[in-house]
Amino acid sequence: MTVNLQMLGTGDAFAKNYYNNNGLLLSRDYTLLIDCGTTAPRAMEKLGRSFADVNAVLITHIHDDHVGGLPELSRLMKTKFGRKMILLIADTLAEPLWESFQKNSPVTAHNPSSLEDAFEVRLLKPGSPHKLSTEIILELIRTPHIRGKESYSLLLGGDIFYSADMIFQPELLLKLVRKQGIRQIFHDCQLKGPGEVHTTLSELLSLPEDVRKMIRLMHYGDHKPQFEGKTAEMTFLEQHVIYAL
Ligand SMILES: Nc1ccn([C@@H]2O[C@@H]3COP(=O)(O)O[C@H]3[C@H]2O)c(=O)n1
Ligand SMILES: [Zn+2]
Ligand SMILES: [Zn+2]
């Protein structure tokens, strides 16, 4: 049994050469879209994929590069496929997501009247494993990004960590690897300048070698080519490439 990861994009919020950092978790009987930023519909088109083949969309936090494509996704599902997409979201994020959804929606006569009108909403409890299919089990872990706003990274299958946008958390990463048997880490990475709300490359380089070996970098800026060969054992996750997990 194999689960694959294909990123629709690996760029940060301002990247022009990369689509937003959104991913498809692909298994034999279930496809999960992780985040749906403004560029997600275009990236799906570019990959020749259809939202009709996605079983659910999971949201990590409320920033446009992670949720800006949801109004188009909802509209497409209703008009083209006559149904609603399943939306998986931490219970605490449902209200702020609805506010952002309304802000990102063009005004039409058929705008949804609630999040439940736009999606089949499934609220997830952070800190508990959720079995989505025979091969996909995930848990939301709250991680810091913007002060006062909740954001959730993902534990996939108990041995993979997929960061939401987050401030560097070395203790968490060491605990996941040393105590919880994590063997792969997909991490957001700000390559230049102070991190502020993201983890920087310098911070990730300060981790021990055995942890660095597990890390693939994502959510990077357009200057990424300048950093090839400068990330020690860490490798860049490339958009559109299919990785076996
Ligand atoms: N100068 C900036 C810096 C950041 N931002 C927003 O902050 C968000 C941080 O998380 P993100 O998901 O990378 O998206 C960033 C921008 O929306 C912004 O809008 N302007
Ligand atoms: Zn982001
Ligand atoms: Zn963010």
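Colleague: Why does R183 count as partly exposed?

Modeller: This is a predicted model, and in it R183 has 40% relative accessibility. Buried would need under 20% and exposed over 50%, so R183 is partly exposed.

Colleague: What makes the contact between R183 and D159 a salt bridge?

Modeller: Their side chains meet at 2.8 Å, N to O. The cut-off is 4 Å, so the pair qualifies. R183 sits in the loop between α6 and β11, and D159 in the loop between β9 and β10, 24 residues apart. D159 has a relative accessible area of 22%, which makes it partly exposed.

Colleague: How do you know that K78 and D117 form a salt bridge?

Modeller: The closest N and O atoms are 3.5 Å apart, and the limit is 4 Å, so the pair counts. K78 lies in helix α3 and D117 in helix α5, so the salt bridge ties together parts that are 39 residues apart in sequence. K78, at 33%, and D117, at 26%, are each partly exposed.

Colleague: Why is R212 called buried, whereas E233 is called partly exposed?

Modeller: R212 has 14% relative accessibility, and the bound for buried is under 20%, so R212 is buried. E233 has 27%, between that bound and 50%, so E233 is partly exposed. The two form a salt bridge, with the closest N and O atoms 2.5 Å apart. E233 is in the loop between β12 and β13, and R212 is in helix α8.

Colleague: How many salt bridges are there in the whole structure?

Modeller: A search finds 9. Elsewhere, K224, E228 and E238 are linked in a salt-bridge network.

Colleague: What makes the site of the zinc ion (ligand 3) irregular?

Modeller: There are 6 donor atoms, with angles of 61 to 174 degrees. For six donors to be octahedral, angles other than those between opposite donors must lie between 65 and 115 degrees; 61 falls outside, so the site is irregular. The protein donors are H61 (NE2), H63 (ND1), H145 (NE2) and D165 (OD), at 2.2 to 2.3 Å. H61 is buried at 2%, whereas H63 is partly exposed at 24%.

Colleague: Which residue coordinates both zinc ions, ligand 3 and ligand 2?

Modeller: D165 does, and the two ions are 3.6 Å apart.

Colleague: How do you know that the buried residues of α6 line one face of the helix?

Modeller: The buried residues are L172, L173, L176 and V177. Seen down the axis of α6, they fall within an arc of 125 degrees, so they line one face. Their cover includes β9, β10, β11, α7 and α8.

Notes
Residues numbered from 1 in each chain as written. Chains lettered and ligands numbered in written order. Predicted model: local features only at pLDDT ≥ 70, side-chain atom pairs only at ≥ 80, totals over all residues. Heavy atoms only, no water. Donors = N, O, S within 2.8 Å, 3.2 Å for Na, K, Ca; no water. Tetrahedral: all angles 85-135°; square planar, octahedral: opposite > 155°, others 65-115°. Buried < 20%, exposed > 50% of the residue type's maximum accessible area, 1.4 Å probe, protein only. Helix = DSSP H or I, 4+ residues; strand = E, 2+ residues; numbered from the N terminus. Arc of directions from axis to C-beta. Contact = heavy atoms within 4.5 Å.
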